[in-house]
Number of protein chains: 2
Amino acid sequence: MFVHEMDHAECIALMANKALARLACSNDGMSYVVPISFQYVDGYILSFSRPGKKIDWMRKNGRVCVEIDEIWDKRQWKCLVAEGLFHELTELSEREHAWSLLQKQFDWWEPGGYKTTAESVGEALDPVYFKIEITRMSGRRAFDE
Amino acid sequence: MFVHEMDHAECIALMANKALARLACSNDGMSYVVPISFQYVDGYILSFSRPGKKIDWMRKNGRVCVEIDEIWDKRQWKCLVAEGLFHELTELSEREHAWSLLQKQFDWWEPGGYKTTAESVGEALDPVYFKIEITRMSGRRAFDE
């Protein structure tokens with residue numbers, strides 16, 4: 001098995017092809033990691049979530065980490081780890097745009113099928129849309145030859 | 001799609017059946033998340049790693065988080081998130097025991113095939129063996145009916 005560093009283009013290609021990541025955040029020395037569905041758009045990972053622990057934590061500390069991988073078997077895989085900054089999308093136009101990009105993944109980790117509209121903003125089940133600005137990333141690729 | 005909380009037995013069964021987890025740790029407000037191979041043994045997640053960033057960080061702050069999932073499709077999955085405490089295995093007997101349990105997963109994220117012996121301890125490539133004591137966990141299961 002050989003393990004190589006992935007270059008920038010390979011990292012971008014992996015993000016563009018995947019819709020599932022693991023997002024880690026921290027609060028007061030505690031860590032938390034969960035799966036998220038996402039879409040990669042121009043240096044950002046776009047996602048959404050119901051209100052809850054990860055949103056609360058990221059609002060307090062926006063420095064997060066995202067891991068994305070593709071695994072064929074034990075000796076053939078790609079894995080990238082990115083540092084990033086949390087930005088909540090608060091404007092209705094941003095939220096509607098995010099919703100239009102993410103709706104095809106909408107049932108991925110969330111049980112509901114709710115839609116963000118001018119009427120729903122601020123309601124208890126209204127999702128929180130956010131983007132992670134990628135500030136640094138590196139990736140590795142393992143393969144047999 | 002229905003989403004239910006998993007009970008303790010279901011969480012244990014998921015951990016016992018899986019060998020790949022995502023491990024998150026934090027250092028000074030920064031988060032880090034990587035895949036690890038592991039084996040579940042009596043309330044602990046047993047693993048190993050080359051020396052590096054995650055080991056350095058866990059030695060400084062042992063409060064970590066582990067995520068384990070099994071995904072069939074977007075509407076049928078299991079996912080558990082566990083809080084835990086890092087314990088490094090420093091005694092040779094503990095390390096040899098860990099090695100015997102983990103050797104079948106040995107090429108999973110690590111390019112080498114090295115073995116821990118009395119002679120190799122302390123060498124640059126000698127892996128760090130550790131266990132994560134699970135202090136709290138919860139899981140969810142999504143299914144169609």
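Q: What makes a residue count as part of the contact between chain B and chain A, and how many residues does each chain give?
A: A residue counts when its heavy atoms come within 4.5 Å of the other chain. In this predicted model, 39 residues of chain B and 39 residues of chain A take part in the contact.

Q: Why are the two copies said to be related as by a two-fold rotation axis?
A: Chain B is superposed on chain A by a rotation of 180° with 0.0 Å of shift along its axis, and the RMSD is 0.0 Å. The two copies are therefore related as by a two-fold rotation axis. The same surface serves both copies, as 100% of the contact residues of chain B recur in chain A.

Q: Why is the meeting of R22(A) and D69(B) called a salt bridge?
A: The term requires a side-chain nitrogen of Lys or Arg within 4 Å of a carboxyl oxygen of Asp or Glu. The side chains of R22(A) and D69(B) meet at 2.6 Å, N to O, so the pair qualifies. The count between chain B and chain A is 6 salt bridges.

Q: Which element gives the largest share of the side of chain B that touches chain A?
A: That element is β6(B), with 8 residues. By class, this side of chain B has 20 nonpolar, 5 polar and 14 charged residues.

Q: What is the area buried between chain B and chain A?
A: The buried area is about 3,300 Å², and carbon and sulfur atoms give 60% of this area. This value is summed over both parts.

Note on methods. Residues are numbered from 1 along each chain as its sequence is written. Chains are lettered from A and ligands numbered from 1 in the order in which they are written. This is a predicted model: local features need pLDDT of at least 70, side-chain atom pairs count only at pLDDT 80 or more; totals for chains, interfaces and linings use all residues. Side-chain values use heavy atoms; hydrogens and water are left out. Copies are superposed by least squares on the C-alpha atoms of residues with pLDDT of at least 70 in both. Buried area is the accessible area (1.4 Å probe) that two parts lose on being put together, summed over both. Helices (H or I, at least four residues) and strands (E, at least two) are DSSP runs, numbered from the N terminus. Ala, Val, Leu, Ile, Met, Phe, Trp, Tyr, Cys and Pro count as nonpolar, Asp, Glu, Lys and Arg as charged, and the others, Gly among them, as polar.
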